[in-house]
Amino acid sequence: VYKRQDGYTGYNELRGEAGIVQVGCWAHVRRKFFEVSTASKNAVSAQEAMRYIGRLYGVEHEADRKNVTIEERKALRQREAVPILEEFKGWLDRRVDQVPPQSLLGKAIHYALGQWERLVRYVEDGILTPDNNRAENAIRPFVIGRKNWLFSDTPRGAHASAALYSLIETAKANKIEPYWYLRYIFEKLPRLGSDSDDFKTLLPQYLETLTKP
């Protein structure tokens with residue numbers, strides 16, 4: 001299982017856990033260099049970094065335009081993205097000792113280097129994306145109300161809420177209308193046995209598009 005991350009240190013708890021491979025997010029790296037380009041005298045260096053990242057996304061745009069398969073996307077990345085990554089890594093290694101670490105540019109460079117092992121992982125599998133923008137865009141409407149989620153009262157309540165919210169957002173990601181999905185599982189749950197595979201069949205990703213009965 002691949003676990004996308006944005007550099008949040010809490011994800012380090014998953015390090016070494018069986019079956020989980022952490023993947024970095026290039027959008028977060030680019031955002032840090034973009035902030036430098038708009039607020040610092042080091043704008044030229046930041047723009048150079050963003051050009052490297054832009055070339056990486058150019059490979060993705062080419063793959064999208066050609067509508068390639070997962071394996072073809074991986075091959076394209078290995079052929080075109082890997083050399084760009086190697087070139088960018090060399091640029092970062094040269095710049096890291098030339099820039100004050102507490103400057104905006106220094107922080108951006110250190111962030112990229114600190115995440116590097118996870119950032120380059122997306123080229124290993126064509127099913128991966130270079131960033132987690134799709135997930136962030138999907139949860140943005142939900143996150144707007146996060147102050148309300150502070151009042152779960154107990155850890156069990158928070159766990160139950162998280163499970164319910166995850167089901168709803170997963171249903172939406174699979175183009176299933178949440179209201180009818182909840183009606184469907186509430187009707188099916190009482191008839192299930194104790195086999196975990198029975199419950200798995202009710203997860204949104206294993207259902208065909210569910211419409212109003």
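Start by selecting helix 4, residues 104-119, in this predicted model. Look at Leu113: a kink of about 35 degrees is centred there.

Keep helix 4 up and colour its buried residues. You should pick out Leu105, Gly106, Ala108, Ile109, Tyr111, Ala112, Gln115, Trp116, Arg118 and Leu119. Wondering about the spacing in that list? An α-helix has 3.6 residues a turn, so residues three or four places apart point the same way.

Now, what covers the buried residues of helix 4? Switch on strand 2 (21-23), helix 1 (26-39), helix 2 (43-66) and helix 3 (70-95), which are all part of that cover.

While helix 3 is showing, click on Arg73, which sits in that helix. Is Arg73 buried or exposed? Its relative accessible area is 14%, and the cut-off for buried is under 20%, so Arg73 counts as buried. Next, show the side chain of Asp64: a polar contact of 2.7 Å links it to the side chain of Arg73. Setting aside neighbours within four places in sequence, Arg73 also touches Glu60, Ala63, Val68 and Gly126.

Last stop: helix 6 (residues 155-173) and helix 7 (residues 178-188). Their axes lie 9 Å apart and the packing angle is about 120 degrees, so helix 6 and helix 7 are oblique to each other. To see who makes the contact, select Leu164, Leu167, Ile168, Ala171 and Lys172 on helix 6. Then add Pro178, Tyr181, Leu182 and Ile185 from helix 7. Before you close the viewer, check the handedness: helix 6 and helix 7 make a right-handed crossing.

Technical notes
Residues are numbered from 1 along each chain as its sequence is written. This is a predicted model: local features need pLDDT of at least 70, side-chain atom pairs count only at pLDDT 80 or more; totals for chains, interfaces and linings use all residues. Side-chain values use heavy atoms; hydrogens and water are left out. The bend at a residue is the angle between axes fitted to the seven residues ending there and the seven starting there. Helices (H or I, at least four residues) and strands (E, at least two) are DSSP runs, numbered from the N terminus. Buried means under 20% relative accessible area, exposed over 50%, partly exposed in between (1.4 Å probe, protein chains only). Contact means heavy atoms within 4.5 Å. A polar contact is a pair of N or O atoms within 3.5 Å; within protein, one must be able to donate a hydrogen and the other to accept it, and residues adjacent in sequence count only if both atoms are side-chain atoms. Axes are lines fitted to C-alpha atoms, for helices over the stretch in contact, and angles run from 0 to 180 degrees between N-to-C directions. Angles under 35 degrees count as roughly parallel, over 145 as roughly antiparallel, 65 to 115 as roughly perpendicular and the rest as oblique. A crossing is left-handed if the near helix is turned anticlockwise from the far one by less than a right angle, and right-handed if clockwise.
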